[in-house]
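Reader: I'm a first-year student, and I'd like a close look at one part of this model. Please start with a single side chain, then walk me outward from there.

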Amino acid sequence: MGYEDLLLESESLGVSVYEKTLSDRIKGLYSNNVVCINKKIESSIEKACVLAEELGHYHTTSGNILDQTKLINRKQEKLARSWGYEKLVPLHKIIEAHKNHVTGRFELAEFLGVTESFLECAIERYRERFGDTVKYENYTICFNPLGVIEMFDY
């Protein structure tokens, strides 16, 4: 799912997306059904990663969570990021990549249309949630080291 797909999804949800010049340290912001993406981001792949997280805020966050010194705000930030990870790096796509003989994290990020850093964060989040492996359909996905094992019924 690329940036254009996420823009269409945003529109269908009634969420307006604007590209604005923001501070260098801010990639995106969400508030009241409006997402701002930093205009300085040149790659549509990185924009997709930012928009996925901001849509995660639409789906999971309430109120102003800018003050990240508060535990409740950090938890909401984590929920929004997790939503974005699951949107762009769903488990079934990791299996699809395996079936397409994708090897290595760089190739996997390219296959999924995400940045390598977004992929790394997604994998780390899955490890926090599931441990080093998770069973998904007839597969076991290993997060450390990253790989997929197909289970056979005999």
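Author: Start with Glu9. Its place is in helix α1, which covers residues 3–13. The model here is a predicted one. Is Glu9 buried or exposed? Glu9 has a relative accessible area of 18%, so it counts as buried, because the cut-off for buried is under 20%. What does Glu9 touch, once residues up to four places away in sequence are set aside? Its contacts are Met1, Trp83 and Lys87.

Two of those names lead onward. Trp83 and Lys87 touch Glu9, and helix α3 takes in residues 71–88. Another glutamate, Glu77, has its place in that helix. Glu77 has 13% relative accessibility, so Glu77 is buried as well. Which residues does Glu77 touch, again leaving out those up to four places away in sequence? They are Glu53, His57, Ile65 and Gln68. One of these contacts deserves a second look. The side chains of Glu77 and His57 are joined by a polar contact of 3.3 Å. Now take a wider step. Leu29 is 48 residues from Glu77 along the chain. Their C-alpha atoms are separated by 12 Å.

Leu29 takes us to the strands. Strand β2 spans residues 28–31. How do β2 and β3 pair? They pair in the antiparallel sense, over four bridges. The two strands form a hairpin, with two residues between them. Asn32 sits in that turn, and its phi is positive, about 50°. Look at one pair across the hairpin: Ser31 stands opposite Val34 in β3.

β3 has another partner. Strand β1, residues 16–20, runs parallel to β3, and five bridges join the two. Here Val34 turns up again, with Ser16 standing opposite. So how covered is β3, which runs from 34 to 38? Mostly: four of its five residues are buried. A general point helps when you look at any strand. In a regular strand, side chains alternate between the two faces of the sheet.

Next, move further along the chain. Helix α4 covers 91–99, and the loop between α4 and α5 holds His101. His101 has a positive phi of about 60°, yet it is not a glycine. Its relative accessibility is 67%, so His101 counts as exposed; the cut-off for exposed is over 50%.

Then comes a pair of helices. Helix α5 runs over residues 104–112, and helix α6 over residues 116–130. Their axes come within 9 Å and cross at roughly 100°. That crossing makes α5 roughly perpendicular to α6, because angles of 65 to 115 degrees count that way. Which residues meet there? From α5 come Arg105, Phe106, Leu108, Ala109 and Leu112. From α6 come Glu116, Leu119, Glu120 and Ile123. Sort the contact by class, and you get six nonpolar and three charged residues, with no polar ones.

α6 also meets strands. It lies across β4, β5 and β6, and runs at about 115° to β5. Those three strands form an open sheet in the order β4-β5-β6, with antiparallel pairing. Which strands are at the edges? β4 and β6 are, as each pairs on one side only. From one strand to the next, the twist averages 20°.

Look at the links between these strands. β4 covers 133–136, and Glu137 lies in the loop between β4 and β5. Glu137 has a phi near 55°, a positive value in a residue other than glycine. Buried or exposed? With a relative accessible area of 66%, Glu137 is exposed. Compare Glu9, where the area is 18% and the residue is buried.

The next loop joins β5 (139–143) to β6 (146–150), and Pro145 lies in it. What is special about its peptide bond? The bond from Asn144 to Pro145 is cis, with omega near -5°. On either side of that loop, β5 and β6 pair in the antiparallel sense over five bridges. Finish on one pair between them: Cys142 stands opposite Gly147 in β6.

Key: Residues are numbered from 1 along each chain as its sequence is written. This is a predicted model: local features need pLDDT of at least 70, side-chain atom pairs count only at pLDDT 80 or more; totals for chains, interfaces and linings use all residues. Side-chain values use heavy atoms; hydrogens and water are left out. Axes are lines fitted to C-alpha atoms, for helices over the stretch in contact, and angles run from 0 to 180 degrees between N-to-C directions. Angles under 35 degrees count as roughly parallel, over 145 as roughly antiparallel, 65 to 115 as roughly perpendicular and the rest as oblique. Contact means heavy atoms within 4.5 Å. Ala, Val, Leu, Ile, Met, Phe, Trp, Tyr, Cys and Pro count as nonpolar, Asp, Glu, Lys and Arg as charged, and the others, Gly among them, as polar. Buried means under 20% relative accessible area, exposed over 50%, partly exposed in between (1.4 Å probe, protein chains only). Two strands pair if DSSP finds at least two bridges between them. A polar contact is a pair of N or O atoms within 3.5 Å; within protein, one must be able to donate a hydrogen and the other to accept it, and residues adjacent in sequence count only if both atoms are side-chain atoms.
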